[in-house]
Amino acid sequence: MAIHLNDTHPVLAIPEFMRILLDECGYGWDHAWDLAIRTFAYTNHTVMQEALECWAEDLFKERLPRIYEIVCEINRRFCEDVYNLTGGNQDMVNRMSIVYNGVVKMANLAVATSHSVNGVSQLHSEILKETVFRDFYHIMPYKFKNVTNGIAHRRWLNQSNPKLADFITGHIGDGFITDASQLSRLLPLTDDKAALEELGRIKLANKESFARYIQKHNGITVNPNSIFDVQVKRLHEYKRQLLNAMNILVTYQKLKANPNMDMVPHTWIFGAKAAPGYYFAKEVIQFIHTIGNMINNDPTVGDRMKVVFLENYRATVAEKLMPAAEVSQQISLAGTEASGTGNMKLMINGALTLGTLDGANVEICDAVGRENMFLFGMTTPDVESLKRFGYRPRNYYEHNPDLHAAIDSMMYGSFSNMHIKNIADSLLNRDPYMVLADFADYAAAQQQLAQVYRDPMAWNRKSLINIAGAGVFAADRSIYDYATTIWGAGPVSK
Ligand SMILES: *Cc1c(COP(=O)(O)O)cnc(C)c1O
């Protein structure tokens, strides 16, 4: 039997499992503990500090008195083991404690008890060993594994994009439905002009259909021949919707300064919900709406720029959007996004990734080659060294005239307000996710992307290579990895 802890949320299953064996089944501690260790495995889903659940010890003790006793006994024995294994390193014991300083640490309980601990992309699993669970990795390295996330490809390709699924079936048969690795059989089509043209027609039809959705829900008329550039994901500072928005503002200001500027028509599509108490995230949503209203209603812009913010973004909206997407923005600060799965849904629908080397973007790069995506920005080690050096966002404002003008307009321009000023202030004085440090490289990658877009065959070829490389991101592969490397469950022979 295997019990998998999907994040820290169900970690109380561990002391409850012990309680049942001890109190209801009459097991001794050692026997129950041996079964617990061999039963539980834990997946970590994020390095964000706020996600590693901590509960107040007094609350815990009051509400769950027996579970509390068991957690304390697990902790007492675990601390004793760590003390012995580290040659009496009390600092390490304190850091790894399950109960310490009046708090119960659920992640520490999960790692101490599970026989397997995994992250959700290669990069994330390495970062866990170096940072979040560094001490644990030091004394129990054999627990640490990786299982890269995957997506339900029968939903995100076959169900949501029937035109593309039919195209694929027409060329390689329907074996990819149950074996996504067969998508690689599309690769010979990269030199097939008719196939690439057909792929372009399918994308255009899907864009026209999503343009009707936008017309109906947002009342905005978008140009189906413009680049459909998509950033859809929860609103969080680390995901850097602000980086995207700042580039849109800079692009708009350049177009205003030079109304005859030669630019590829561009439609930016956002979809994002913010957590109810995340005030800054809501200010970012308001900022995107503000610049969107300004740009969408400016007659000098025409249909060369449009900004769409999808209301109530959710999986049923994503299913309509993914088939129409051409650019997949995956622009988190390197080292912050555990995996991402939106990146995989967009890739399998033929979108090209504009991204940092973060989360599963690294493995997308391995699958398609860096010439078939648009990589930019700092790597995880770059971010670490800039932090050690001392990050001063104002330097970038002072030395980049485009950024300077955009931030000034946020502070003093006609569209400015209290919330937008607050965002400008945050960027200049804190910028915790280094938007300004990556801005110039991001803007250059956007320029480069628009150049490639001018050549539809070159673009469609990269798109096809992305679809062909997406097989490894099928959830079937992830589940196979969990079954064989963690649960000890092999496939049933037919
Ligand atoms: C896939 C999906 C996500 C995850 O997106 P990321 O870009 O990986 O953060 C979030 N919300 C919805 C509705 C999704 O379908």
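Is Asp431 buried or exposed? Asp431 is buried, with a relative accessible area of 2%. The legends below start from this residue. The model is predicted.

**View 1. Asp431 sits in the loop between α20 and α21.** Helix α20 covers residues 418-429, and α21 covers 435-453. A polar atom of the Asp431 side chain lies 2.9 Å from the backbone nitrogen of Val435. Beyond its neighbours within four places in sequence, Asp431 contacts Tyr391, Pro393, Ser426, Leu436 and Ala437. Asp431 counts as buried because its relative accessible area, 2%, falls under 20%.

**View 2. Asp431 and Glu237 are shown as a pair distant in sequence.** The two residues are 194 residues apart along the sequence. In space, their C-alpha atoms are 9.2 Å apart.

**View 3. The ligand is shown with the residues that surround it.** Among these residues are Trp156, Val232, Lys239, Tyr313, Arg314, Ala315 and Ala318. Gly340 and Gly342 also belong to the surround. Three further members, Lys233, Thr341 and Lys345, are taken up in the next view.

**View 4. Polar atoms of Lys233, Thr341 and Lys345 approach ligand oxygen atoms.** In Lys233, an N or O atom of the side chain is 2.6 Å from a ligand oxygen. Thr341 uses its backbone: an N or O atom there lies 2.7 Å from an oxygen of the ligand. In Lys345, a polar side-chain atom is 2.6 Å from a ligand oxygen. The ligand taken alone exposes 390 Å², and the protein buries 80% of that.

**View 5. Thr39 belongs to helix α2.** This helix spans residues 29-39. Thr39 is buried, with a relative accessible area of 7%. Leaving out residues up to four places away in sequence, Thr39 touches Met1, Ala2, Ile3, Phe17 and His115.

**View 6. Cys54 is shown with Cys79, which holds the closest cysteine sulfur.** How many disulfides does the structure hold? The count is zero. A disulfide is a covalent bond between the sulfur atoms of two cysteines. The sulfur of Cys54 is 15 Å from that of Cys79, so the two are too far apart for a bond. The cut-off for a disulfide is 2.5 Å between the sulfur atoms. Cys54 is partly exposed, at a relative accessible area of 44%.

**View 7. Cys25 is partly exposed.** Its relative accessible area is 44%. This value places Cys25 in the partly exposed class, which lies between the 20% and 50% limits.

Terms used: Residues are numbered from 1 along each chain as its sequence is written. This is a predicted model: local features need pLDDT of at least 70, side-chain atom pairs count only at pLDDT 80 or more; totals for chains, interfaces and linings use all residues. Side-chain values use heavy atoms; hydrogens and water are left out. Buried means under 20% relative accessible area, exposed over 50%, partly exposed in between (1.4 Å probe, protein chains only). Helices (H or I, at least four residues) and strands (E, at least two) are DSSP runs, numbered from the N terminus. Contact means heavy atoms within 4.5 Å. A residue is near a molecule or strand if one of its heavy atoms lies within 4 Å of it. A polar contact is a pair of N or O atoms within 3.5 Å; within protein, one must be able to donate a hydrogen and the other to accept it, and residues adjacent in sequence count only if both atoms are side-chain atoms. Accessible areas come from the Shrake-Rupley method with a 1.4 Å probe; for residues, only the protein chains shown count as cover.
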